[in-house]
Amino acid sequence: MPHPTVPYVLAVPGYLTGGSDWELLTEWLLRGHGWRNVSTIDYHTFLASPDGRLHVGLDRRGAWTWHLHATGPAGRVWEATLGAHLPVEYVTALVESLLRPDNRPVTDVLGPLHAAGWTGDADAGAHTAVSPDGLVRFTQEDADSPSPYAWHAACAVDGYTWWTAAFTAHTPIGLVSALTRSLASPDPLPRMAIGTPMYRCGPYTRLSQTDFSYDDEQALLEARITQARHHRRSRPPAGAPPPPARREHRTRMP
């Protein structure tokens with residue numbers, strides 16, 4: 001049965017666009033990356049990676065909160081807790097940083113925000129970056145801070161908190177950087193016109209017309225699932241020897 005035509009808009013900044021369809025992440029993991037649904041009750045969606053190391057959960061009992069957690073090297077457990085109004089594109093970027101980590105060292109988590117015009121807060125008592133509109137604060141705690149979270153962020157509009165994000169101390173730095181890069185991105189996000197902008201966010205949200213549709217969104221999801229399947233099948237099994245080096249045959253030009 002064809003889906004009814006629903007108008008879409010492009011909205012910026014991304015952090016005010018809302019969570020969107022959470023299945024854009026869960027279907028990508030289940031059907032593309034071979035994750036397992038390990039949910040135990042109807043009001044939760046908990047997924048586990050094929051090796052059981054990584055877990056992504058969505059608490060749908062009212063809090064609507066994403067939970068990412070795993071046990072890292074030396075048995076250190078880490079957890080990230082993300083509000084469901086954080087764009088699903090951002091949550092996906094965090095998960096992708098775990099599935100395909102960038103081995104380049106990260107020296108400054110706040111760097112992408114500062115480069116995008118976010119400013120510091122000398123009165124915050126910690127390393128803090130504030131968005132140009134003043135609606136989002138991202139804080140990196142000092143090493144000796146008593147806070148259980150090494151990094152945390154919040155988006156509040158006229159006193160109403162739309163989402164929060166918090167990361168425990170042993171969270172992979174690449175995952176935290178994936179969020180700051182997403183927050184700093186100027187790229188608009190497609191959203192259904194109905195319900196956009198979110199409550200109280202109108203004065204801070206810029207909308208533009210687009211031909212993007214629900215069918216386009218689903219087509220992009222299917223393409224990402226296909227790409228993930230191809231990448232997964234092309235990887236050698238764990239412990240397999242590397243393929244033999246290929247000799248390069250040069251063709252002599254006349």
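How many aromatic pairs does the count come to in this structure? The count comes to 3 aromatic pairs. The model is predicted. Two of the pairs are described below, followed by charged contacts and strand pairing.

## Aromatic pairs

Start with Y8 and F212. Their ring centres lie 5.6 Å apart and the planes meet at 70°, so the pair is edge-to-face. The cut-off behind that label is an angle over 60 degrees. This contact links distant parts of the chain, with the two positions 204 residues apart in sequence numbering. Y8 belongs to strand β1, residues 8–12. F212 lies in the loop between β13 (206–209) and α5 (214–234). Are these two residues buried or exposed? Y8 is buried, at 6% relative accessibility. F212 is buried too, with a relative accessible area of 18%. Both values fall under the 20% limit for burial.

Y160 and W162 form another edge-to-face pair. Here the centres are 4.9 Å apart, with 75° between the planes. The two partners fall into separate accessibility classes. Y160 is partly exposed, with a relative accessible area of 38%. W162 counts as buried, at 11% relative accessibility.

## A charge over a ring

W28 has a charged neighbour. The charged end of R224 sits over the ring of W28. The distance to the ring centre is 4.4 Å.

## Salt bridges

How many salt bridges does a search of the whole structure find? It finds 8. One of them joins the side chains of R53 and D51, at 2.8 Å from N to O. R53 is partly exposed, with 46% relative accessibility.

R61 forms a salt bridge with D59. The closest N and O atoms of R61 and D59 are 3.3 Å apart. R61 is exposed, with a relative accessible area of 56%. D59 counts as buried, at 12% relative accessibility. The two classes follow because exposed means over 50% and buried means under 20%.

R137 and D121 also meet in a salt bridge, at 2.7 Å from N to O. This pair links distant parts of the chain, 16 residues apart. R137 sits in strand β9, while D121 sits in the loop between β7 (119–120) and β8 (127–130). R137 is partly exposed, at 35% relative accessibility. D121 is also partly exposed, at 23%. Elsewhere, E27, R31 and E222 are linked in a network of salt bridges.

## Strands β6, β9, β10 and β11

Strand β9 covers residues 136–140, and β10 covers residues 149–157. The two pair in the antiparallel sense over 5 bridges. T139 stands opposite H152 in β10. H152 in turn stands opposite A166 in β11.

β10 and β11 (residues 160–168) run antiparallel and are joined by 8 bridges. C155 stands opposite W163 in β11. What lies between β10 and β11? There are 2 residues between the strands, which form a hairpin. In the turn, D158 has a positive phi of about 50°.

β11 also pairs with strand β6, residues 77–83. That pairing is antiparallel, over 3 bridges. T81 stands opposite A166 in β11. A166 thus has partners on record in two strands: H152 of β10 and T81 of β6.

## The open sheet around β1

Three strands form an open sheet in the order β12-β1-β13, with antiparallel pairing. Which strands lie at the edges? The edge strands are β12 (189–192) and β13, and each pairs on one side only. The twist averages 40° from one strand to the next.

β1 and β13 run antiparallel and are joined by 4 bridges. V12 stands opposite R206 in β13. β1 also carries Y8, one half of the link to F212. In a regular strand, side chains alternate between the two faces of the sheet.

Notes. Residues are numbered from 1 along each chain as its sequence is written. This is a predicted model: local features need pLDDT of at least 70, side-chain atom pairs count only at pLDDT 80 or more; totals for chains, interfaces and linings use all residues. Side-chain values use heavy atoms; hydrogens and water are left out. Two strands pair if DSSP finds at least two bridges between them. Rings of Phe, Tyr and Trp (its six-membered ring) pair if their centres lie within 6.5 Å; planes under 30 degrees apart count as stacked, over 60 as edge-to-face and the rest as tilted. Buried means under 20% relative accessible area, exposed over 50%, partly exposed in between (1.4 Å probe, protein chains only). A charge sits over a ring if NZ of Lys or CZ of Arg is within 6 Å of the ring centre and within 35 degrees of the ring normal. A salt bridge is a side-chain nitrogen of Lys or Arg within 4 Å of a carboxyl oxygen of Asp or Glu. Axes are lines fitted to C-alpha atoms, for helices over the stretch in contact, and angles run from 0 to 180 degrees between N-to-C directions.
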